[in-house]
Structures are given as structure tokens and as C-alpha cells.
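Grab your viewer and have a go at the exercises below. Try each task yourself before reading its solution.

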Amino acid sequence: MVIGGETGNGASIYLNLDGLSFSRPLSIGEEKNKPYSIAIADMNGDCKADVVLGNQEAPGAVLINDGKGSKFTPVPFGDNKGTVYGLAIGDLNGDGSPDIVAARSEAQTMLFLNSLTLKKERTPCK
């Protein structure tokens, strides 16, 4: 489970330990940012869930999961205009890679095309 807040503490992830039991929160992303919207998707084709954060008046970030859920490599996108209040993830240009649409207040809605080209014939994730 990933949560964010308006307090400026960044986002936190809670790992499922067993059934409905979760770990203590692990801070992910930049602590100075205020995530307003969150999406989970495999953004780099490694079959691991990555985290996409839409922030308030700060660039968004794709947090690439190392596969253990405890270390994420941030890849920034966008600018610091407006607040991203909605994210949608999907392959919009047919290249096999997930793209990001960010709906923003006080700024234009933006489309961010993923520059990674994934193999369309790749083995499906389990």
C-alpha cells in the first residue's frame, strides 16, 4: 500500500507481511514533495510494481522498484506547475511501453511518453 499526504513528508509504502498485516511505513520519493496522486504500474517491463507520484507544485516521479519493495530509483518527469490531481497509465502510442497522463489544476493536462521500448512479444508477468 502506498500513501502520500499534503504535509510534505513525501510518500510511504507499507509492505504486506501476511494477510492483513503490514510493515511499518518506509519513506519513498523526495520527503520535501507533497504527493497528491499515486499510480502503481510496471513502467520498465521487469514485472515489478513501480510507483508513479503526481506532486503539488513539483515535478512528478516514477519510482523504479528494485524488486524487494524497499529501494526505489526516482526518475523525474514534468515540471513544477500546478498540482497533479489525477494520473492514468497506459500505452497511448502503441509502442508497448506504459505512458503517463497527468491531470493538473492550474496547469495544462500533460502526456508523458515513456522512452523505453518494451518487446511486444515478451513473456507475460506472473
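Here are three exercises, each with a worked solution.

This is a predicted model, so local features need pLDDT of at least 70, side-chain atom pairs count only at pLDDT 80 or more, and totals for chains, interfaces and linings use all residues. Residues are numbered from 1 along each chain as its sequence is written, and side-chain values use heavy atoms, with hydrogens and water left out.

**Exercise 1.** Work out where Asp99 sits and which backbone nitrogens its side chain reaches.

Step 1: Find Asp99 in strand 11, residues 99-105. Strands here are DSSP runs of E with at least two residues, numbered from the N terminus.

Step 2: Check the exposure. Asp99 has a relative accessible area of 0%, so it counts as buried (under 20% relative accessible area, with a 1.4 Å probe and protein chains only; exposed is over 50%, partly exposed in between).

Step 3: Look at the side chain. It reaches the backbone nitrogen of Leu92 at 2.9 Å and that of Asn114 at 2.8 Å.

Step 4: List the contacts (heavy atoms within 4.5 Å). Skipping residues up to four places away in sequence, Asp99 touches residues including Ala88, Gly90, Leu111 and Leu113.

**Exercise 2.** Find the largest nonpolar core and the strands that feed it.

Step 1: Apply the rule: take buried Ala, Val, Leu, Ile, Met, Phe, Trp, Tyr and Cys residues joined through side-chain atoms within 4.5 Å.

Step 2: The largest set has 12 residues, among them Met43, Val62, Phe77, Ile100 and Phe112.

Step 3: Strand 6 (35-41), strand 8 (60-65), strand 10 (83-90) and strand 11 each supply at least two residues of this core.

Step 4: Zoom in on Phe77. Beyond residues up to four places away in sequence, Phe77 touches Val52, Val62, Ile100 and Phe112, among others, including Leu53. A second, separate core has nine residues, and Leu53 is one of them.

**Exercise 3.** Describe how strand 8 and strand 9 pair, then inspect the loop between them.

Step 1: Six bridges join strand 8 to strand 9 (residues 72-77), and the two run antiparallel. Pairing takes at least two DSSP bridges.

Step 2: Ala61 stands opposite Pro76 in strand 9.

Step 3: The two strands form a hairpin with six residues between them, and Gly67 in the turn has a positive phi of about 100°.

Step 4: Gly69 lies in the loop between these strands. Gly69 is buried, at 6% relative accessible area. Leaving aside neighbours within four places in sequence, Gly69 is in contact with Ile13, Leu15 and Leu26.

Key:
Helices (H or I, at least four residues) and strands (E, at least two) are DSSP runs, numbered from the N terminus. A polar contact is a pair of N or O atoms within 3.5 Å; within protein, one must be able to donate a hydrogen and the other to accept it, and residues adjacent in sequence count only if both atoms are side-chain atoms.
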